[in-house]
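Trainee: I'd like a close look at a single part of this structure. Could you pick one helix and walk me through what surrounds it?

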Amino acid sequence: MRPGNSLTWILRAVGVLAALAPLALSAGCGSDTDDRPAQFSFIYPAIIEPSCATASCHSNYTREAGVNFGLSSGEAYFQLVARHFVIPSDANDSELIYLLKADGAPRMPPDFALPEVDIDLISTWIANGAMNN
Amino acid sequence: MTSSMSTRLRLVKLGISGLILAVVLLAGARDAAAYPQFQFSSGTNRCGQCHYSPAGGGLLTSWGRDESADTISMGGDGAFLHGLLSTPSWLGIGGDFRFAFLENDVGSPEGTEFAAFPMQADVYGRAAINDSWSINATIGVRGIVRPSDNSIGGRIGAAGGDIMSREHYLMWRPSATGPYARVGRFFAPFGLRFVEHVYYVRRYTGYDLYEETYNASAGYVAEDWEVHATLFAPPPRNAIELIAGTGPREAGFAGYGELRLAKTSAIAVQTRLGFGDLESRMTGGLVGKLWVDKAKILFLGEGDLIHQTFSTAAYSQNQFVSFLGADFYPARGIMAGVAYERFQENLGVSRTGRNAYDIQLNVFPWAHCEAVLLGRYQLTGAGAIDGGTASLVMLQLHYYL
């Protein structure tokens, strides 16, 4: 085999490995302990903004049900609390949790359920007083 | 042909053109349609051969229009309006129109959701100033999946009110290969660049629907390699709806370099560094494609690691997002694909992952026409059924100008 051919096949093998890499990491990893902060300054940009403020839902464009989580963290917090989606210190009676769990309410987000650990983190934030922290 | 017959024929052509444009303008803006599945599989080595954009997507070149009929579709004429009208060489016009029907089940007590809605209506325009410079713009009407009035009339009415421009840029590109530069709004070249925005490698990397940024970008495209470097910033915070956007408000840099081998495979390295008020993301990843001609199968893969920091919360996390798919081309005009996707929002916390399994059939019965049937099944959690499940079946009817 000529050197040029060898290089071609090596690079093609690397390409195939790159394509197959997702499978190697597909099983998931991580600890059972959730060390993420139950603070709105984490929950908003890490969970609410990417899951809820999407183009077809609660974004600057669409504002489903009059709710816009795409303007800013402060505006999202105001809408959650002022419109009683969240009742501070009372996760069990907060509509947001019913929506996320599809518990007698339509599933939110409407394209897939959030991981339970994300819903638990939001519940913890509400139980801790739902502060804009 | 008499002059009156000629005039009548011209009027008929104009009428047909106007009708198609009117239909298009009743639907919704979506994405500059890009089909990375056609690289290598159609005999085309690089995206910029078929598209005016050096990184692919959007308006087709005359080569791309020919390929869309002669190679990709079962027949027909790929030229603008099927060749009924021709535009002057300095002017390029095109467009994409999609109507979708979907069945969506996410375990909601309301049961399975059914919807039919105009998904995309974009008109593309390109005006060449001279051999090197051009002005490019896309204008369309936003599609709305769940309007307050759920009837077909309500859906069309809701979509008709919001005109937007996802792309508008000035480009210097003296030839199809070689250096280029462009300034304006578009997606910075990155990733596999699928048309489907629901894929995790788009949704979680800053390339979801309407997340186009304002950029200053430059690159070099050769026959067997290309590089693209882009400085990007989000649309202004209080921008009018025509140019507004969604997604994290990050500014930063994106880089993409691709090496192609023997016109059958490609490997690319990429990075995206986005800095925002609330969070910042440092992304690095690999993209791979391999065309196996004997089997008529194209393998596509992308994997990205993301380091995300939250300044106010004083916390950081690592994420992983990937796509692995294979597309089979059993006959001209037919493409069947399967794919597996993975996104883990925090590699340090188990059960923060989600998996998606996709199956897709694309049929191109005639130039300009496509039907897409997509099935998608998602699992949240660690991969076991400890979170929720979601299933989606969607039929898209697609027409391009």
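Mentor: Let's take helix 2 of chain A, then move outward to what lies around it. First, some ground rules: this is a predicted model, in which local features need pLDDT of at least 70 and side-chain atom pairs count only at pLDDT 80 or more, while totals for chains, interfaces and linings use all residues. Residues are numbered from 1 along each chain as its sequence is written, and chains are lettered from A and ligands numbered from 1 in the order in which they are written.

Helix 2 of chain A covers residues 40–52. (Helices are DSSP runs of H or I with at least four residues, strands are runs of E with at least two, and both are numbered from the N terminus.) This helix has 13 residues, yet its end C-alpha atoms are only 14 Å apart, short of the 18 Å that a straight helix would reach at 1.5 Å a residue. That expected span is 1.5 Å times one less than the number of residues.

Now, how enclosed is it? Twelve of the 13 residues of helix 2 of chain A are buried, so the helix is largely enclosed by the rest of the structure. Here a residue is buried if 20 or more other C-beta atoms lie within 10 Å of its own, exposed if 12 or fewer, and partly exposed in between, with C-beta atoms placed from the backbone. Among the buried ones are Phe40(A), Tyr44(A), Pro45(A), Glu49(A) and Cys52(A).

The cover comes from both chains: it includes helix 3 (73–82) and helix 5 (116–127) of chain A, together with strand 10, strand 11 and strand 12 of chain B.

Look at helix 3 of chain A next. Its buried residues are Ala76(A), Tyr77(A) and Leu80(A). Seen down the helix axis, they fall within an arc of 100 degrees, so they line one face of helix 3 of chain A; the arc is taken from the directions from the axis to the C-beta atoms. They pack against helix 2 and helix 4 (95–101) of chain A. On the other side of helix 3, Gly74(A), Glu75(A) and Ala82(A) are exposed. Just after this helix, His84(A) takes a positive phi of about 65 degrees.

Now cross over to chain B, which has four helices and 16 strands. In all, 64 residues of chain B are in contact with 56 residues of chain A, contact being C-beta atoms, placed from the backbone, within 7 Å. Strand 10 of chain B gives the most to the side that touches chain A, with six residues. By class, that side of chain B has 31 nonpolar, 22 polar and eleven charged residues. (Ala, Val, Leu, Ile, Met, Phe, Trp, Tyr, Cys and Pro count as nonpolar, Asp, Glu, Lys and Arg as charged, and the others, Gly among them, as polar.)

Some of these strands also feed the largest nonpolar core, which has 41 residues, with Leu192(B), Val321(B) and Phe323(B) among those touching the most other members. (A nonpolar core is a set of buried Ala, Val, Leu, Ile, Met, Phe, Trp, Tyr and Cys residues joined through C-beta atoms within 7 Å.) Strand 10 (279–292), strand 11 (297–310) and strand 12 (315–328) of chain B are among the elements that each supply at least two residues of this core. A second, separate core of 37 residues includes Ala53(A), Leu80(A), Ile97(A) and Met108(A).

Conventions
Contact = placed C-beta atoms within 7 Å.
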